[in-house]
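Trainee: Please take a close look at the cavities in this model, and then follow the surrounding parts outward from there.

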Amino acid sequence: MKNFLTKQYTKDKRFKIRHNYLTEQFKDYPKIFKKIEKVIKFNDFTLGFEVEKFENSFKKLINAKYCIGVGSGTDAIYMALKSLGLSNSDEVITTPYTFYATINAIVQADCKPVYVDAKDDFNIDPDLIEKKITKKTKAILVVHWAGRICEMNKIKKIAKKHNLFIIEDACHAALANMDGIFAGNFGDIGCFSLHPLKNLNVWGDGGMIVTKNKNIEKKLKLLRNHGLINRNEIKIFGINSRLDTIQAVVANHLLGKLKVITEKRRSNAHLLDEGLKDHGNIIIPERIKGLYEVFHLYCMRAKQRDKLIAYLNSKGIDAKKHYPIPMHLQTPSKKIGKYKKGDFPFAEKLCDETISLPIHEFVTKNEIKYIINNIKKFYSKKINS
């Protein structure tokens, strides 16, 4: 199979208003090169000082107790499951409306994903969770979709009642918080991604895990580095999933900008909300008091979604589908359950109706107005006659 990403990069370049903003974000790359020079001269490429600096800075930023830098957000979820001792087809409750990595990590950890339908905030529906709990259920893996925290008060009560672990897929949700509690701190373990298109990003793959449990932290640090306790001895059989020191340089460079980046995304989201509210063809999630969303994506539901995307694309707007096929209808899911269309109707509705619009800090107010005007124009009688 050929690498499909190179074509995607070229295709996305044609848009005037893009989801990809990395050229603008890293225009100060000479400063980063200077910092990387120090790594090259000192040679601490593996678990070097910049990794420790990032771990300490990130945990302070979100009030976490421990932070462990790892190779990717996917690895973070996988290692979270392994650190809790889950395997042998232990059941993990999660949502079918998520990026593939969430489910991949569960399966690779030798666990079984058990799907619970989503609701109108794009997250797992907590009112449906208890129906799916069995004797084999060991954890609830929530996904804070697009940087909006799940209904964690309800979910924590369910987990406590049934003695289940909570793992947070917070890969979209750096700095997201609810009533002052940051994503990653609600459950036993929080997992984050540093993928290039995340709000806090690097020049390749990277991830981090946070936890309040010292024993879990020790296990994770062993897991990420082959199980090594020193150069010559291992305590467990681990894997190779270390946050690269050079990537940590990039992460540290951006970490101080994250609050500004987040506020700009929130400001753009507010403009979109205001411009599109009360439009009969658009459904925007309710914004909840005390819920600080970080808008990794700006997601809304739209009538004639596919035609709208095509129209916006023709106007130079990089509107996308995140994502058109729910996980229970993906081919590999046939191996874990006899799933069919209609099993998780709201997740399927989201996949059929959701459109994602560029929201990053380099989208200007005039560009937001341009997006809003073109959406309204699409639904006008002139366009649809």
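Mentor: The largest cavity holds about 90 Å³ of space. This is a predicted model, in which local features need pLDDT of at least 70, side-chain atom pairs count only at pLDDT 80 or more, and totals for chains, interfaces and linings use all residues. Residues are numbered from 1 along each chain as its sequence is written, and side-chain values use heavy atoms, with hydrogens and water left out.

A cavity here is a set of points, on a 1 Å grid over the protein atoms alone, where a 1.4 Å probe fits but cannot get out; lining residues have an atom within 4 Å of a point. Grid points are joined across faces, edges and corners, and a volume is the space filled by probe spheres set on the points. The count comes to 2 cavities of 30 Å³ or more.

The lining of the largest cavity consists of D121, F122, W145, A146, R148, P285, R287, E293, F295, L297, Y298 and C299. By class, this lining has 8 nonpolar, no polar and 4 charged residues. In that scheme Ala, Val, Leu, Ile, Met, Phe, Trp, Tyr, Cys and Pro are nonpolar, Asp, Glu, Lys and Arg are charged, and the others, Gly among them, are polar.

The second largest cavity has a volume of about 40 Å³. Its lining includes A170, C171, H172, F192, K198 and H296. Here the division is 6 nonpolar, 4 polar and 1 charged.

Two lining residues of the largest cavity, Y298 and C299, lead into strand β14 (residues 298-302). Helices (H or I, at least four residues) and strands (E, at least two) are DSSP runs, numbered from the N terminus. In β14, 5 of the 5 residues are buried, so the strand is largely enclosed by the rest of the structure. Buried means under 20% relative accessible area, exposed over 50%, and partly exposed in between, with a 1.4 Å probe and protein chains only. Y298, M300 and A302 point one way from β14, while C299 and R301 point the other way. In a regular strand the side chains alternate between the two faces of the sheet.

Two strands pair if DSSP finds at least two bridges between them. Strand β14 is joined to β15 (residues 354-357) by 4 bridges, and the two run antiparallel. M300 has I355 as its bridge partner in β15. β14 also pairs with strand β12 (residues 282-283), again in the antiparallel sense, over 2 bridges. There I282 stands opposite A302.

Another lining residue of the largest cavity, D121, leads to the charged pairs. A salt bridge is a side-chain nitrogen of Lys or Arg within 4 Å of a carboxyl oxygen of Asp or Glu. By this rule the count comes to 25 salt bridges. One of them joins D127 and K154, at 3.4 Å from N to O. This pair links distant parts of the chain, with D127 in the loop between β3 (111-115) and β4 (137-143) and K154 in helix α7 (residues 152-162), 27 residues apart. D127 is exposed, with a relative accessible area of 52%, whereas K154 is partly exposed at 38%.

K214 and E217 form another salt bridge, their closest N and O atoms being 3.0 Å apart. Both lie in helix α8 (residues 214-224), 3 residues apart, about one turn of the helix. K214 counts as partly exposed at 38% relative accessibility, and E217 as buried at 6%. To return to D121: salt bridges that share partners join K119, D120, D121, D127, E151 and K154 into one network.

The second largest cavity leads to the cysteines, since C171 is among its lining residues. A disulfide is a pair of cysteine sulfur atoms within 2.5 Å, and the count comes to 0 disulfides. The sulfur of C171 is 6.5 Å from the closest cysteine sulfur, in C191, which is too far for a bond. C171 is buried, with a relative accessible area of 12%. For C111 the closest cysteine sulfur is also in C191, at 13 Å, too far for a bond. C111 is buried as well, at 7% relative accessible area.

Methods:
On a 1 Å grid over the protein atoms alone, a cavity is a set of points where a 1.4 Å probe fits but cannot get out, and a pocket is an open set with protein on both sides within 12 Å along at least five of seven lines; lining residues have an atom within 4 Å of a point.
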